[in-house]
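Work through the exercises below with the coordinates open. Each task is followed by a stepwise solution.

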Amino acid sequence: MAASKPVEAAVAAAAAPGSGSGVGGGGGTAGPGTGGLPRWQLALAVGAPLLLGAGAMYLWSRQRRRRDTGGRGDASGLKRNSERKTPEGRASPAPGSGHPEGPGAHLEMNSLDRAQAAKNKGNKYFKAGKYEQAIQCYTEAISLCPTEKNVDLSTFYQNRAAAFEQLQKWKEVAQDCTKAVELNPKYVKALFRRAKAHEKLDNKKECLEDVTAVCILEGFQNQQSMLLADKVLKLLGKEKAKEKYKNREPLMPSPQFIKSYFSSFTDDIISQPTLKGEKSDEDKDKEGEALEVKENSGYLKAKQYMEEENYDKIISECSKEIDAEGGRHRAEALLLRATFYLLVGNASAAKPDLDQVISLKGADVKLRANALIKRGSMYMQQQEPLLSTQDFNMAADIDPQNADVYHHRGQLKILLDQVEEAVADFDECIRLRPESALAQAQKCFALYRQAYTGNNSSQIQAAMKGFEEVIKKFPRCAEGYALYAQALTDQQQFGKADEMYDKCIDLEPDNATTYVHKGLLQLQWKQDLDKGLELISKAIEIDNKCDFAYETMGTIEVQRGNMEKAIDMFNKAINLAKSEMEMAHLYSLCDAAHAQTEVAKKYGLKPPTL
């Protein structure tokens, strides 16, 4: 299975959290219907679809709270999309809020009544847009209110915070909301208003903790709070990833990942076996180790190391070729070095090499086209779809008979939701290379995705039939089985999907990603948590650099309530991330788990666990 085509390797960056993370089965497929909940929410919400790089895989369904209660299904009694802009009469209920009885009760009621009257007057000023006068009235209410009246007092502070909010006095908003929450710890309005104030004050960590508490209290039913959480998690993730990625040590992916990457190219000169003329006679040493290269060429030595899967030495050998005067294979060495820079996640080093190859007018056109494909994929990782499209189009212009161009541009078009254009590109790839099983499988997937999102049952059936024809015609194409399995899972044909994953494993027993997909299927199909985790653990055993496996394991552990283990899994995935955008997403998941831990400590709030 081609686990990470250039475009597919870009998907974790190109697809927003909540989208899938690839077009082909091995690299993670952007399954249809993946535009639902943001991925960060999966680290908080239980019962939501698990829309990871697995495409249309789901953790499993749990009963959601009933929604026929007039829109008041959350813990605070707020409507789902309430604006929370106006002051209120009473706060959320809290223990000890009843009126006292006994001596002095009459005088105390008078104090409370006067406080309520001041608050009501403040509300009138607020509604009239006279916020300074409203603040004065709420301040009076606070001074009159008996100190033991926690709920009433918290309401007055929250109302004053609302008035300060209208004046954009964010520090005062945060201070008053803190008073309100101290008096009534599960006061949703005050928590959310403080979260917004922290956002304005650029206190992202504090904002995240408050909005996480709000999401849990509201049962993830209020769009405003979920959008704020999504926003702040993305900002935190980007900040942390930018710093981490800049200082990260280059990390070579697993041999299986690298071989899968190169297997997606058919017109790539640098990934072809070394030609006979490039090697000397097989003069092996007494231990029968390496072949001697005829000429003193760093590029040919790098090619030899590729065949031996000794990938760590390739960049240095290519550099020798590039730095040597009059090197015969300079263009090839530049492209091979750039490719491995991309594989280790060093795009800034790869780009100058790719630029040079593309600008070499005398170089083999297939080298230049391949460099354009890889630079276009790099741009997609960096969320530059216009530049990416320009590179793919240029590759098609200079080498119109190159099937790789259409194959990978088709994947780009899927990411851009240009499905008809994607299908046209896959068709052209198939015309040029009728034996391209990969292109035919991905064309079926593109058609399936279009039919699924359009809810067209007849087209869905036609796409499913297309998958059957592909696996019949190309029984050795693991990608065909993987993509078909994801479509079958969408259609809740779990048993048959499981069979397709078994065929993938038979063909490619060292493909860790397939075990993750199969593990997720067990969770959705049979609610078999043990079996699912066993398969994902098997993926890590096969490839301890499979970031998708760590990410999936972490998300499941969050939903089981095992925060410490979840955070450990996310951190392992972060260290393996292949792009800054992918790393930012993983930081978002990790920060969501951290926030939930802090909320549990502060307020005793935890969502249900599996």
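Helices here are DSSP runs of H or I with at least four residues, numbered from the N terminus. The model is predicted.

**Exercise 1. Helix 26 and its end**

Task: Compare the span of helix 26 with the expected span, decide how enclosed helix 26 is, and find the phi of the residue that follows.

Solution.
- Step 1. Helix 26 has 14 residues. From first C-alpha to last, helix 26 reaches 20 Å, close to the 20 Å expected at 1.5 Å a residue.
- Step 2. Of the 14 residues of helix 26, 13 are buried, so this helix is largely enclosed by the rest of the structure.
- Step 3. Gly-561 follows helix 26. The phi of Gly-561 is positive, near 90°.

**Exercise 2. Helix 25 against helix 26**

Task: Classify the packing of helix 25 (residues 529–542) and helix 26 (residues 547–560).

Solution.
- Step 1. Two packed helices are described by the angle between their axes and the distance between the axes.
- Step 2. The axes of helix 25 and helix 26 come within 9 Å. They cross at roughly 150°.
- Step 3. Angles over 145 degrees count as roughly antiparallel. Helix 25 and helix 26 are therefore roughly antiparallel to each other.
- Step 4. The crossing of helix 25 past helix 26 is left-handed.
- Step 5. List the contacts. Helix 25 contributes residues including Leu-529, Leu-533, Ile-536 and Ile-540. Among the residues they meet in helix 26 are Ala-549, Tyr-550, Met-553, Ile-556 and Arg-560.

**Exercise 3. Two more helix pairs**

Task: Repeat the analysis for helix 17 (residues 385–398) with helix 18 (residues 403–415), and for helix 14 with helix 16 (residues 365–381).

Solution.
- Step 1. The axes of helix 17 and helix 18 come within 10 Å and cross at roughly 155°. That makes helix 17 roughly antiparallel to helix 18.
- Step 2. Helix 17 passes helix 18 in a left-handed crossing. Ser-388, Phe-392 and Ala-396 are among the helix 17 residues in contact. On helix 18, the partners include Tyr-406, Arg-409 and Leu-412.
- Step 3. Helix 14 and helix 16 pack at about 20°, with axes 11 Å apart. Helix 14 and helix 16 are therefore roughly parallel to each other.
- Step 4. The crossing of helix 14 and helix 16 is left-handed. The contact is made by Ala-331, Glu-332, Leu-335, Thr-339 and Leu-342 of helix 14 with Leu-367, Asn-370, Ala-371, Lys-374 and Met-378 of helix 16.

**Exercise 4. Helix 10 and the loop after it**

Task: Describe helix 10 (residues 223–247), then place Met-252 in its surroundings.

Solution.
- Step 1. Helix 10 has 25 residues. The helix reaches 36 Å, close to the 36 Å expected at 1.5 Å a residue.
- Step 2. Look at the start of helix 10. A side-chain oxygen of Asn-222 comes to within 2.9 Å of the backbone nitrogen of Gln-224.
- Step 3. Buried residues of helix 10 include Met-226, Leu-228, Val-232, Leu-233, Leu-236 and Tyr-245.
- Step 4. Met-252 sits in the loop between helix 10 and helix 11 (255–263). Met-252 has a relative accessible area of 11%, so it is buried.
- Step 5. Met-252 and Val-344 are 92 residues apart along the chain, yet their C-alpha atoms are separated by 5.0 Å. Beyond four places in sequence, Met-252 touches Ile-258, Tyr-311, Asp-312, Phe-340, Val-344 and Lys-545.

**Exercise 5. Three residues by accessibility**

Task: Are Arg-337, Gln-492 and Gln-527 buried, partly exposed or exposed?

Solution.
- Step 1. Buried means under 20% relative accessible area, and exposed means over 50%.
- Step 2. Arg-337 lies in helix 14 (residues 330–343). At 12%, Arg-337 counts as buried. Leaving out residues up to four places away, Arg-337 touches Ile-315, Cys-318, Ser-319, Ile-322 and Asp-353.
- Step 3. Gln-492 is in the loop between helix 22 (478–490) and helix 23 (494–507). At 57%, Gln-492 is exposed. Its phi is positive, about 60°, although Gln-492 is not a glycine.
- Step 4. Gln-527 is in the loop between helix 24 (512–526) and helix 25. At 44%, Gln-527 counts as partly exposed. Gln-527 also has a positive phi, about 50°, without being a glycine.

**Exercise 6. The whole chain**

Task: How many helices and strands does the chain have, and what share of the residues is buried?

Solution.
- Step 1. The chain has 28 helices and zero strands.
- Step 2. Of its 610 residues, 58% are buried.
- Step 3. Take contacts between residues at least 6 apart in sequence. Of these, 62% join residues at least 24 apart.

Key:
Residues are numbered from 1 along each chain as its sequence is written. This is a predicted model: local features need pLDDT of at least 70, side-chain atom pairs count only at pLDDT 80 or more; totals for chains, interfaces and linings use all residues. Side-chain values use heavy atoms; hydrogens and water are left out. Helices (H or I, at least four residues) and strands (E, at least two) are DSSP runs, numbered from the N terminus. The expected span of a helix is 1.5 Å times one less than its number of residues. Buried means under 20% relative accessible area, exposed over 50%, partly exposed in between (1.4 Å probe, protein chains only). A polar contact is a pair of N or O atoms within 3.5 Å; within protein, one must be able to donate a hydrogen and the other to accept it, and residues adjacent in sequence count only if both atoms are side-chain atoms. Axes are lines fitted to C-alpha atoms, for helices over the stretch in contact, and angles run from 0 to 180 degrees between N-to-C directions. Angles under 35 degrees count as roughly parallel, over 145 as roughly antiparallel, 65 to 115 as roughly perpendicular and the rest as oblique. A crossing is left-handed if the near helix is turned anticlockwise from the far one by less than a right angle, and right-handed if clockwise. Contact means heavy atoms within 4.5 Å.
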